[in-house]
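Me: I should like to go through the reasoning behind several descriptive terms applied to this structure. Please set each value against its criterion before concluding.

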Amino acid sequence: APTKFDFWFGLSGDLERVVQTMCKNFNESQKDYEVSCVSQGSYDATLQNTIAAFRAGKQPTVVQVYDAGTATMMLSGAYYPAGKLMSENGYKIDWNDYFPGIARYYATSKGELLSFPFNSSTALLYWNKDAFAKIGKTEAPKTWEDAAADMKALKGAGYDCPMAINISGNESWQLMEQFSALHNQPIATKNNGYDGLDARLTVNKTSFVKYVTDLKSWYDQGLIKIKSKDLGQDMVQAFASGDCQMIMTSVGDHGTVGKTQKAGMSWDVAELPVYAGTERKNSLVGGASLWVLSGKSADEYKGAAAFLNFVHDPKTALFWSSNTGYIPVTNSGFNFMKSSGFYDKAPYKGREVAIASLTASEPTPITRGIRLGNFTQIRAEFGNQMQAIFANKVGVQEGIDNLVKNSDAVLERFEATYKGKQLP
Ligand SMILES: O=P(O)(O)OC[C@H](O)CO
């Protein structure tokens with residue numbers, strides 16, 4: 001009988017279906033192992049459930065952990081390093097084939113890869129070309145000044161929702177983290193946490209304050225609407241249905257927009273706008289990586305290694321990336337997609353914009369990533385304060401000061417838990 005093992009992941013909706021097909025393809029490709037893939041509904045739930053399962057000795061063998069959980073995973077020590085797992089099980093992976101910014105995100109400072117790059121992304125501006133044509137525009141706005149003018153023109157042309165944003169915790173990713181990276185502004189001291197567990201948030205002293213002030217003012221003018229599942233319409237669906245003309249979301253949603261869009265709607269993706277005069281930097285690598293957890297049997301580890309080897313195959317990369325929107329994480333995967341002609345077809349052409357955004361500059365100590373412990377709680381705090389700001393319960397500066405104060409308490413607790421330890 002095949003050795004069975006579990007893979008927990010956080011993607012849902014259409015992306016969940018693509019993961020399940022990938023798992024089925026792996027199971028059908030060989031007879032020795034059988035992976036059971038279970039969505040936990042969201043990235044946060046996956047991390048929480050994994051920690052709880054670990055305590056009960058019931059952790060899965062492989063788990064998908066989002067960018068925000070990377071520091072927590074690294075310090076937990078509860079994993080089998082990806083590089084070691086592959087070499088000990090006889091797989092020769094050319095780690096140099098991975099895009100450097102992506103591999104580095106999941107590696108120690110000495111370059112040892114701890115988790116396996118899988119669904120990498122970045123945030124993009126999705127824009128409705130039909131609506132922009134009505135205001136005489138054939139290009140997406142490159143600056144926030146232009147975006148504001150376009151939103152006003154769209155409103156004037158009768159569009160009720162020029163831009164939709166979501167202000168829940170997870171949207172910290174595009175609204176706070178990506179914005180800060182593009183403008184080369186830190187979100188925390190110690191190079192966003194890379195240089196010490198005593199890092200603390202800095203976003204109440206950067207141009208993030210001006211950005212939230214502008215977003216709030218555009219919201220007050222009716223140029224921006226807040227969309228979320230809880231409020232009745234998911235932000236991605238608000239765009240795909242043609243109800244809202246711009247959103248900022250992951251390139252990983254590109255496939256979902258294509259599959260669920262209003263028939264005939266013409267749309268594209270562009271790099272996120274920056275303020276005029278900004279020297280644009282690379283955007284952050286988002287998405288998630290695959291961690292192999294400690295405490296499993298040698299046979300389960302063999303299965304996990306075979307599964308990761310399958311995930312790594314350029315053919316799987318072609319299947320995965322073309323059906324989702326996530327970027328290929330290796331040069332060979334990217335070249336395989338290019339040679340298959342994938343990027344020549346509309347609307348897939350636009351997806352190369354994600355690679356352009358990720359490589360817009362050499363990564364700086366600020367733009368290589370974020371390494372803050374318990375970052376899930378910091379994102380939740382971001383959501384709480386944004387809700388309070390948009391509901392006029394606190395002013396913008398006050399809300400962001402609260403975000404910093406409450407997040408610093410989270411960071412202090414994390415530092416105390418791992419007293420004397422360092423990020424690997
Ligand atoms: O929507 P994804 O999968 O690209 O992930 C976005 C963020 O990195 C999640 O933390």
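Me: Which residue of strand 9 does Trp127 stand opposite?

Reply: In this predicted model, Trp127 stands opposite Met246 of strand 9.

Me: What makes strand 6 and strand 9 a pair?

Reply: Pairing requires at least two bridges between the strands. Strand 6 (residues 123-128) and strand 9 are joined over 5 bridges, in the antiparallel sense, so the criterion of at least two is met.

Me: Why are strand 9 and strand 10 said to stand at the edges?

Reply: The open sheet has 3 strands in the order 9-6-10, with antiparallel pairing. Strand 9 (246-250) and strand 10 (267-271) each have a single partner strand, so one side of each lacks a neighbour in the sheet. From one strand to the next, the twist averages 35°.

Me: Which strands does helix 8 touch where it packs on the sheet?

Reply: Helix 8 (residues 172-182) touches strand 6 and strand 9, and its direction makes about 80° with that of strand 9.

Me: Why is helix 14 called roughly perpendicular to helix 15?

Reply: Helix 14 (residues 314-323) and helix 15 (residues 331-339) pack at an angle of about 65°, their axes being 9 Å apart. That makes the two helices roughly perpendicular, because the range for this term is 65 to 115 degrees. Their crossing is right-handed.

Me: What residues make this contact, and of which classes are they?

Reply: From helix 14, Pro314, Lys315, Ala317, Leu318, Ser321 and Ser322 meet Ser332, Gly333, Phe336 and Met337 of helix 15. By class, the contact has 5 nonpolar, 4 polar and 1 charged residues.

Me: Why, then, are helix 10 and helix 17 called oblique?

Reply: The axes of helix 10 (residues 208-220) and helix 17 (residues 375-390) cross at roughly 45° and come within 11 Å. Roughly parallel would require an angle under 35 degrees, and roughly perpendicular 65 to 115; the two helices are therefore oblique to each other. Helix 10 contributes Phe208, Val212, Leu215, Lys216 and Tyr219 to the contact, and helix 17 contributes Phe382, Met386, Ile389 and Phe390. This contact has 8 nonpolar, no polar and 1 charged residues. The crossing is right-handed.

Me: How do you know whether Leu231 counts as buried or exposed?

Reply: The relative accessibility of Leu231 is 61%, and the term exposed applies over 50%; Leu231 therefore counts as exposed. Leu231 is found in the loop between strand 8 (224-226) and helix 11 (235-240). Its C-alpha atom is separated by 10.0 Å from that of Asn166, 65 residues apart along the chain.

Definitions and conventions
Residues are numbered from 1 along each chain as its sequence is written. This is a predicted model: local features need pLDDT of at least 70, side-chain atom pairs count only at pLDDT 80 or more; totals for chains, interfaces and linings use all residues. Side-chain values use heavy atoms; hydrogens and water are left out. Axes are lines fitted to C-alpha atoms, for helices over the stretch in contact, and angles run from 0 to 180 degrees between N-to-C directions. Helices (H or I, at least four residues) and strands (E, at least two) are DSSP runs, numbered from the N terminus. Angles under 35 degrees count as roughly parallel, over 145 as roughly antiparallel, 65 to 115 as roughly perpendicular and the rest as oblique. A crossing is left-handed if the near helix is turned anticlockwise from the far one by less than a right angle, and right-handed if clockwise. Contact means heavy atoms within 4.5 Å. Ala, Val, Leu, Ile, Met, Phe, Trp, Tyr, Cys and Pro count as nonpolar, Asp, Glu, Lys and Arg as charged, and the others, Gly among them, as polar. Buried means under 20% relative accessible area, exposed over 50%, partly exposed in between (1.4 Å probe, protein chains only).
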